[in-house]
Amino acid sequence: MEAVRLVAVIRSALAHSRGTPDIIAEAWQAQALAQAVGSRLAASGPKELRGEASGLSEIGGRSNGALDHPAARAGVARAVQLSEVADPRAALTGLGALLGEVGIALVGVASDTDEQGLYWQCMEAIDAADESLDRVHGMLRLLDERDRERREDLERGRERDGPHGVLHGPVGPVADTG
C-alpha cells in the first residue's frame, strides 16, 4: 500500500479509537509506519533525505518497544503493507500530522491513568513521536531547500538564455534555391 494511503488508514483508526487500548495500538502503528517510511526513504528516497530518513527509521525502531500492546508483542504492524513512497512530500506531511495526533492522544491517556507503568510508557512514546516529528520536519525542510535551489537554477538558466528563452538557428531545413 502506498505511504500516503497507509498514513490515512492509521489516522482514521486513531480518530475512531475508543479507549486506551485502541489509542496505544494506533500509536504503536504510527511509530511502526514512521520506521518503515524512514527505511524506505533511506534506501531509495531522494538523496537529500537519506540521512534524516535513516534517523527516522532508527527512532521508530527504538520507540516500538515503548508501548506494551498485543499488536506490538505479536509484531502485526500495518506498516508491513508499505509498498512505496510515491510522493515523499505528501507522505511526510501526512506522517507529520499523524505523529502530532498520536502525541496529543497519548497525552490524554497519560493524563487519565493512575497506573504508573502506563503513564511512563506514554511518556516514552510521546518523546519518540516528538523526536520522529522533528525528523519529519527536517526532511520537509530539506525538500523545500532542494525545490528552491532547483527554481533558482532554472531562473539562472533562463537569464543566460535571454528574455525569450534559448536562441536557436532557423527552424527546419533551408530550402535549396539553386
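## A tour from Arg146 outward

Start by selecting Arg146: with a relative accessibility of 18%, this residue counts as buried (buried is under 20% relative accessible area, exposed over 50%, and partly exposed in between, with a 1.4 Å probe and protein chains only). Before you move on, keep in mind that this is a predicted model, in which local features need pLDDT of at least 70 and side-chain atom pairs count only at pLDDT 80 or more, while totals for chains, interfaces and linings use all residues. Residues are numbered from 1 along each chain as its sequence is written, and side-chain values use heavy atoms, with hydrogens and water left out.

**The partner of Arg146**

Which residue forms a salt bridge with Arg146? Add Glu48 to your selection: its salt bridge to Arg146 has the closest N and O atoms 3.9 Å apart (a salt bridge is a side-chain nitrogen of Lys or Arg within 4 Å of a carboxyl oxygen of Asp or Glu). This pair connects distant parts of the chain, 98 residues apart, with Glu48 in the loop between α2 and α3 and Arg146 in helix α6. Glu48 counts as partly exposed because its relative accessible area is 30%.

**Along helix α6**

Now select Glu152 and Arg148, whose side chains meet in a salt bridge at 3.9 Å, N to O. The two sit 4 residues apart in helix α6, which means about one helical turn separates them. Both ends are partly exposed: Glu152 has a relative accessible area of 36%, and Arg148 is at 39% relative accessibility. Then bring back Glu48 and Arg146 and add Arg89, Asp144 and Asp147: salt bridges that share partners join these five residues into one network.

**A bridge from α5 to α1**

The structure holds 8 salt bridges in total, and another good stop is Glu101 with Arg11, where the closest N and O atoms are 2.4 Å apart. Here too the pair links distant parts of the chain, since Glu101 is in helix α5 and Arg11 in helix α1, 90 residues apart. Colour both by accessibility and you will find Glu101 partly exposed at 29% and Arg11 partly exposed at 31%.

**Into the nonpolar core**

Stay in this region and select Leu98. Leaving out residues up to four places away in sequence, Leu98 touches Val7, Ile10, Arg11, Leu14, Ala30 and Leu33 (contact means heavy atoms within 4.5 Å). Leu98 belongs to the largest nonpolar core, which has 43 residues; Leu33, Val37, Leu92, Leu95, Leu98, Val102 and Leu106 touch the most other members. Two or more residues come from each of α1, α2 (20-44), α3, α5 (88-112) and α6 (116-161). α2 gives the most, with 11 residues. A nonpolar core here is a set of buried Ala, Val, Leu, Ile, Met, Phe, Trp, Tyr and Cys residues joined through side-chain atoms within 4.5 Å.

**Glu2, before α1**

Go next to Glu2, in the segment before α1 (3-15). Where is the nearest side chain of opposite charge to Glu2? That side chain is Arg5, 8.2 Å away, and Glu2 is buried yet has no salt bridge (Lys and Arg count as positive and Asp and Glu as negative; His and the chain ends are not counted). Show the surroundings of Glu2 and, not counting residues up to four places away in sequence, you will see contacts with Leu82, Ser83, Glu84, Val85, Ala86 and Asp87.

**Arg50, in α3**

Select Arg50 in helix α3 (residues 50-63). Arg50 counts as partly exposed because its relative accessibility is 35%. Beyond its neighbours within four places in sequence, Arg50 is in contact with Leu41, Ala42, Ala43, Ser44 and Gly45. Measure C-alpha to C-alpha to Arg40, and the distance is 9.2 Å for 10 residues in sequence.

**Zooming out**

Finally, switch to a cartoon view of the whole protein. You will find 6 helices and 0 strands (DSSP runs numbered from the N terminus: helices are H or I, at least four residues, and strands are E, at least two). Of the 178 residues, 41% count as buried. Among contacts between residues at least 6 apart in sequence, 79% join residues at least 24 apart.
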